[in-house]
Amino acid sequence: MSERHVTFDMIVQAVGAVAGVTRHEIMVAGRAGADERVHLRYACWWLASKMTSLGPSTIGRMSGGRDHTMVIHGQRRAEELRASSETFRLSTDALLGTLQALERAGLLRFAVSIDPLATARRMLAAPEREAVRVSTYEIVAMSRLIVEQADGDPSEPSTEETVHV
């Protein structure tokens with residue numbers, strides 16, 4: 001594994017920045033946000049399939065506890081949208097190219113994709129042992145999830161999403 005790589009959180013952050021929405025708005029359950037938000041989620045999943053080694057199950061967990069079959073469907077749907085919508089294809093190509101360029105240039109800080117729920121479960125299973133083993137990144141990921149669930153918009157970006165220039 002490279003010391004510099006794109007994480008799922010970075011992908012969601014980039015898609016949200018381009019679309020002008022928050023991570024919560026992209027990942028909110030259901031179709032209440034109209035097709036545009038669903039398409040943003042599909043774009044995240046498609047980019048994750050191209051830029052990370054994460055499987056559909058992990059991507060689903062990091063997307064609000066979605067099932068792996070939903071992620072696979074979303075990735076296929078993104079391919080269909082890329083074939084039928086020039087706008088969707090151009091925007092996903094631009095995001096892919098930008099993330100690849102940042103990765104090649106070494107401008108991404110080392111980051112490990114953290115599953116905050118798995119970290120919390122590990123800590124609850126053996127708090128006396130695991131509490132001292134939790135990394136700063138894991139604490140930030142758990143905090144981010146709590147804040148997103150509470151009010152939908154974390155006030156500060158995760159350190160794993162920091163880009164050095």
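**Exercise 1. Work out how exposed lysine 50 is, then find its salt-bridge partner.**

Lysine 50 has a relative accessible area of 45%, so it is partly exposed. That label sits between buried (under 20% relative accessible area) and exposed (over 50%), using a 1.4 Å probe and protein chains only. Before going on, a word on the source: this is a predicted model, where local features need pLDDT of at least 70, side-chain atom pairs count only at pLDDT 80 or more, and totals for chains, interfaces and linings use all residues. Residues are numbered from 1 along each chain as its sequence is written, and side-chain values use heavy atoms, with hydrogens and water left out.

Now the partner: the side chain of lysine 50 meets that of glutamate 79 in a salt bridge, at 3.8 Å from N to O. The term asks for a side-chain nitrogen of Lys or Arg within 4 Å of a carboxyl oxygen of Asp or Glu. Lysine 50 lies in helix 3 and glutamate 79 in helix 5, so the pair ties together parts that are 29 residues apart in sequence. Helices here are DSSP runs (H or I, at least four residues), numbered from the N terminus. Glutamate 79 is partly exposed too, at 37%.

**Exercise 2. Which residues of helix 5 are buried, and how are they arranged?**

Start with the list: Val71, Gly74, Gln75, Ala78, Leu81 and Arg82. Look down the axis of helix 5 and these buried residues fall within an arc of 120°, so they line one face. The arc is that of the directions from the helix axis to the C-beta atoms. Flip to the face turned away from that side and you meet the exposed residues Arg76, Ala83 and Ser84.

**Exercise 3. Follow arginine 82 to its salt-bridge partner.**

Arginine 82 is buried, with a relative accessible area of 15%. Its side chain meets that of aspartate 93 in a salt bridge, 2.8 Å from N to O. Arginine 82 belongs to helix 5 and aspartate 93 to helix 6 (residues 86-104), so this pair ties together parts that are eleven residues apart in sequence. Aspartate 93 counts as partly exposed, at 31% relative accessibility. Salt bridges with shared partners join Arg82, Arg89 and Asp93 into one network.

**Exercise 4. How far apart along helix 5 are glutamate 80 and arginine 77?**

They're three residues apart, which is about one helical turn. Their side chains meet in a salt bridge (3.3 Å, N to O). Glutamate 80 is partly exposed at 46%, and arginine 77 is partly exposed at 28%.

Terms used. Helix = DSSP H or I, 4+ residues; strand = E, 2+ residues; numbered from the N terminus.
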